[in-house]
Amino acid sequence: PKLDFLVDSVVKKDNLFADLISFLLSNISRNEDACDDLIAILVKEGRFEKIIDAYCDEKYNSQKRILHYLGLMISNLAARSTGRNMLKTGPIFVRLTSFINHPMSVTRRRAAVQLVRNMCLDDTTHEWLFCYDSDLESINLSTNNTNSDGSLTELYNKDGDLLIKLLRPLCDGKDQIGDETMGDLSEDDIFNLPLDLQFLDESVTREQDPEMRQLLVESIWLLC
């Protein structure tokens with residue numbers, strides 16, 4: 001397939017076939033050689049930034065194509081060193097990891113965690129991963145997406161660090177009720193958790209998708 005044609009087509013706002021193209025790009029990028037070819041195309045003429053903008057704006061396509069599978073393509077790029085360097089530019093990684101808690105799409109959640117897992121495969125990125133969101137305030141303030149009243153249309157999640165984002169979907173509030181005979185965490189165990197994960201409400205439930213849970217655990221294991 002002509003990769004440059006596919007990349008240019010998927011970001012056309014009125015393209016009725018954008019979802020189908022995103023499926024193709026997701027599958028193509030699973031092959032290492034094809035992924036390298038794709039990266040070489042994306043770095044030209046601002047194509048990568050266009051892909052990120054199209055994916056992060058779920059109302060981008062006027063034909064109501066939602067481009068969920070572009071996230072899986074992007075996560076596959078992180079398996080290559082060149083792709084990881086692209087993803088460490090500006091607020092890109094912050095924007096993509098915000099989908100870890102997407103309320104509707106398991107595909108977007110899975111893509112976000114797979115992205116983190118693939119970044120974690122390279123231990124030279126670990127230090128960066130633990131400080132990438134330390135300047136979110138400056139990123140937010142420098143964002144040009146402002147409304148008429150001066151407020152920002154896209155604020156990046158400032159809730160805790162990466163470890164919190166990875167652990168939160170594995171937590172379940174019912175584990176912290178206090179009934180140790182039923183396998184609940186003890187009070188000491190709860191106090192040993194990061195503050196943001198202590199004494200969660202019972203409405204907080206564990207991620208239901210088993211593949212997602214495996215990716216989360218693999219990411220945490222790699223960071224260890």
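This is a short tour of the structure above, with a selection to make at each stop. The model is predicted, and the numbering starts from 1 along the chain.

**The whole chain**

Begin with a cartoon view of the whole protein. You should find 13 helices and zero strands, so expect helix after helix, because the pattern read along the sequence is α-α-α-α-α-α-α-α-α-α-α-α-α. The protein has 224 residues, and 46% of them count as buried. Now think about contacts with a separation of 6 or more: 66% of these are made by residues 24 or more positions apart.

**The loop with His68**

Next, select His68. You will find His68 in the loop between helix H4 (47-56) and helix H5 (70-77). Is His68 buried or exposed? With a relative accessibility of 15%, His68 counts as buried, because the cut-off for buried is under 20%. Show the side chains around His68 as well. Setting aside neighbours within four places in sequence, the contacts of His68 are Asp19, Tyr55, Glu58, Ser105, Thr107 and Arg108.

**Arg108 and two rings**

Two of the names to keep on screen are Tyr55 and Arg108, both in contact with His68. Add Phe99 to the selection and look at how Arg108 is placed. Arg108 lies over the face of Tyr55, 4.0 Å from the ring centre. Arg108 also lies over the face of Phe99, and here the distance to the ring centre is 4.8 Å.

**The cavity**

Keep Tyr55, Phe99 and Arg108 selected, as they are among the residues lining the largest cavity. To complete the lining, add Gly71, Ile74, Ser75, Leu96, Ala111, Ala112 and Leu115. Rolling a probe the size of a water molecule over the atoms shows where empty space is left. Over the whole structure, a search finds one cavity of 30 Å³ or more, and the volume of the largest cavity is about 50 Å³.

Colour the helices and see who contributes. H5 and helix H8 (106-120) each supply at least two residues of this lining, and H8 gives the largest share, with four residues. What classes of residue make up the lining of the largest cavity? Seven are nonpolar, two are polar and one is charged.

**The pocket**

Now move to the largest pocket, which holds about 210 Å³ of space. Select Ile100, Asn101, His102, Pro103 and Arg109, then Arg168 and Pro169, and finally Val204, Thr205, Arg206, Glu207 and Gln208, which together line the largest pocket. Colour these by class and you will count four nonpolar, four polar and four charged residues.

**Trp128**

Select Trp128 in helix H9 (residues 126-129). Which residues does Trp128 touch, leaving aside its neighbours within four places in sequence? The contacts are Leu87, Lys88, Phe93 and Met119. Try the distance tool on Trp128 and Lys88: the two are 40 residues apart in sequence, yet 8.6 Å apart in space, C-alpha to C-alpha.

**An aromatic pair**

For the last stop, turn to the aromatic rings. A search of the whole structure finds four aromatic pairs. One of them joins Phe191 and Phe199 in an edge-to-face arrangement, with 5.4 Å centre to centre and 70° between the planes. Switch on the surface to see how these two rings are covered. Phe191 has a relative accessible area of 47% and is partly exposed, while Phe199, at 45% relative accessibility, also counts as partly exposed.

Conventions:
Predicted model: local features only at pLDDT ≥ 70, side-chain atom pairs only at ≥ 80, totals over all residues. Heavy atoms only, no water. 1 Å grid on protein atoms, 1.4 Å probe; cavity = no way out; pocket = protein on both sides within 12 Å on 5 of 7 lines; lining within 4 Å. Points joined across faces, edges and corners; volume = space filled by probe spheres on them. Nonpolar A, V, L, I, M, F, W, Y, C, P; charged D, E, K, R; others polar. Phe/Tyr/Trp six-rings, centres within 6.5 Å; stacked < 30°, edge-to-face > 60°. Buried < 20%, exposed > 50% of the residue type's maximum accessible area, 1.4 Å probe, protein only. Lys NZ or Arg CZ within 6 Å of the ring centre and 35° of its normal. Contact = heavy atoms within 4.5 Å.
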